[in-house]
Amino acid sequence: MLNHIWLALIVIGILTAAGRDVYDVTQNSFGNGIPWEVRLEGPDGEVTGTGQGTTVQATLHVSAAQLRAHFSTDAIAADAALPARVTFRDDGSASAQIDVRVASAGRFTVMAEALGGGETLAANLRRAGADWEMRVDDVSLVYLRKVTNAAFEIAGLAVEIALGLIGIMALWLGVMKVAEEAGLITHLARLVRPITVRLFPDVPAEHPAVGSMIMNISANMLGLGNAATPFGLKAMEELEKLNPKSGVATDAMVTFLALNTSCVTLIPATAIAVRAAAGSSDPAFIIGTSFLASLTATIFAVTISKLLSRVKMFRFDRAEAN
Amino acid sequence: MDIFRTLVSVISALAIPALMLFFLGYGAFKKVKVYEVAVEGAKEGFQIAVRIIPYLVLMLVSIAIFRASGAMDVFITLVRPVTDFVGIPAEALPMAIMRPLSGSGSLGIMTETMQAYGTDGFIGVLVSTLYGSTETTFYVLAVYFGAVGIRNTRHALPTGLLADFIAFLAAVFFVGLVL
């Protein structure tokens, strides 16, 4: 199942990107090769541009009609006003570094990114009567480039995330080991025995895996994500010790992860923080709704994991051990 | 309700220090050589983190490609008839789809949605409830199974995704109930 979905995400992603790029080429969605008519407004009104070698901070006005014509769409109604640093050359032409971080930049943002300028778009200006004629480099294959960049960037980021876990993992696994040696984890397991023997029939009631799973789920409930991961990975290691077939998930593992991903939430810490930052009058309002939604999901998740484990395509086949 | 909220914030501040104190204190009481044993346990942290790397890289790259291509817009158009039928509001759909795929992606969508539709209306409360009540299923599966080298995950993914779907339905229901 995971094989198919994993492949599907990649294939659908690449095909969509290619499809969009082909569409952009056929529609000339970025107005490649067509010069722009723009108006320049400096600090002291209209820029006529005579001072050679000087640089001014100006506003570049593009009419809605121009935007519609270049971007091949009727959906644009407003003019664009873009901040730009304009440097004049000896021959009366000029170069501009356009800041595309403003709201009216629209598709210019995509062009700047595609041309490798990040948040600035480079353009050439030439006088044309009262206005200026602007030329920008051709833009093509935007989405395929985006896909490539995203893939390389995230590959590095994934390693950073994994390595970033080392510290917190070491800390909690150390503390956990002390509790284990002291017999505390076994006590904990004994305490919740009536529940765990039903949830995890294949795991001995006082196995260290049970204690770790309880720790993981409790930490998750309290919104302590940093502490939850080490406990959870410890639990997986303990469950793996009971696994007769390495490389294949056991029923207990899947039930544990069903509990983990749907986990009953008492304190949705991140969501509350974001709500507070966004100016909510009652950021903690979602505690009740999150609790009920996650409780419902958890009950279903455990039931589904039990039911699916009996479906033929998912059944744990002890015979073909590897 | 206010007392409950104070309690909640006290618990979240106290939980970690209290847990450390309790574990280590109990260990010392049982005459465990706490530092020596803790170091022994901590060594594992490095191995587990390194073992996760290939799983996490491949999982996150596949999701990143899907996100960067803008395929989500296409996907939303496809599932829209179904979700309209079961009553998930269209405004919350990007959140519902991104939540199991990417933690940072859904955090961004939650923020954007609340900026556009307000924090305390139906949509605002719904997206934050969605964010708060489920985990990033793909990430959890990659990390947890990666840590023990599980490649055949059997029914873990369908279970996780079905649970996410039920969480969304439940969130729509309960938020509708209180607002």
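Helix H8 of chain A covers residues 225–241. In this predicted model, H8(A) has 17 residues and reaches 25 Å from its first C-alpha to its last. That length is close to the 24 Å expected at 1.5 Å a residue. Of the 17 residues of H8(A), 12 are buried, so the helix is largely enclosed by the rest of the structure. The buried set includes A:Ala227, A:Ala228, A:Thr229, A:Pro230, A:Phe231 and A:Gly232. Also buried in H8(A) are A:Leu233, A:Lys234, A:Ala235, A:Met236, A:Glu238 and A:Leu239. Charged side chains thus appear in this buried set, among them A:Lys234 and A:Glu238.

Chain A as a whole contains 11 helices and seven strands. Its radius of gyration is 30 Å, well over the 20 Å that the globule rule gives for 322 residues, so chain A is more spread out than a compact globule. Along the principal axes, the C-alpha atoms of chain A fill a box of roughly 85 × 45 × 35 Å. Buried residues make up 43% of the 322 residues in the chain. Among the contacts of chain A with a separation of 6 or more, 58% join residues 24 or more positions apart.

Chain A also touches chain B. The contact takes 93 residues from chain A and 84 residues from chain B. On the chain B side, several helices each supply at least two residues. They are H1 (2–29), H2 (34–68), H3 (71–86), H5 (103–117), H6 (122–133), H7 (137–147) and H8 (156–178). H2(B) gives the largest share of this side, 25 residues. By class, the side of chain B that touches chain A has 53 nonpolar, 22 polar and nine charged residues.

One of these contributing helices, H6(B), was examined in detail. H6(B) has 12 residues, which should span 16 Å at 1.5 Å a residue. The end C-alpha atoms of H6(B) are 16 Å apart, in agreement. Burial is extensive here: 11 of the 12 residues of H6(B) are buried, so this helix is largely enclosed by the rest of the structure. The buried residues are B:Ile123, B:Gly124, B:Val125, B:Leu126, B:Val127, B:Ser128, B:Thr129, B:Leu130, B:Tyr131, B:Gly132 and B:Ser133. They pack against elements of both chains. From chain A, the partners are helix H10 (269–277) and helix H11 (286–308). From chain B, they are helix H4 (93–98), H5 and H8.

How values were computed. Residues are numbered from 1 along each chain as its sequence is written. Chains are lettered from A and ligands numbered from 1 in the order in which they are written. This is a predicted model: local features need pLDDT of at least 70, side-chain atom pairs count only at pLDDT 80 or more; totals for chains, interfaces and linings use all residues. Two residues are in contact if their C-beta atoms, placed from the backbone, lie within 7 Å. Helices (H or I, at least four residues) and strands (E, at least two) are DSSP runs, numbered from the N terminus. The expected span of a helix is 1.5 Å times one less than its number of residues. A residue is buried if 20 or more other C-beta atoms lie within 10 Å of its own, exposed if 12 or fewer, and partly exposed in between; C-beta atoms are placed from the backbone. The radius of gyration is taken over C-alpha atoms; the globule rule is 2.2 Å times the number of residues to the power 0.38.
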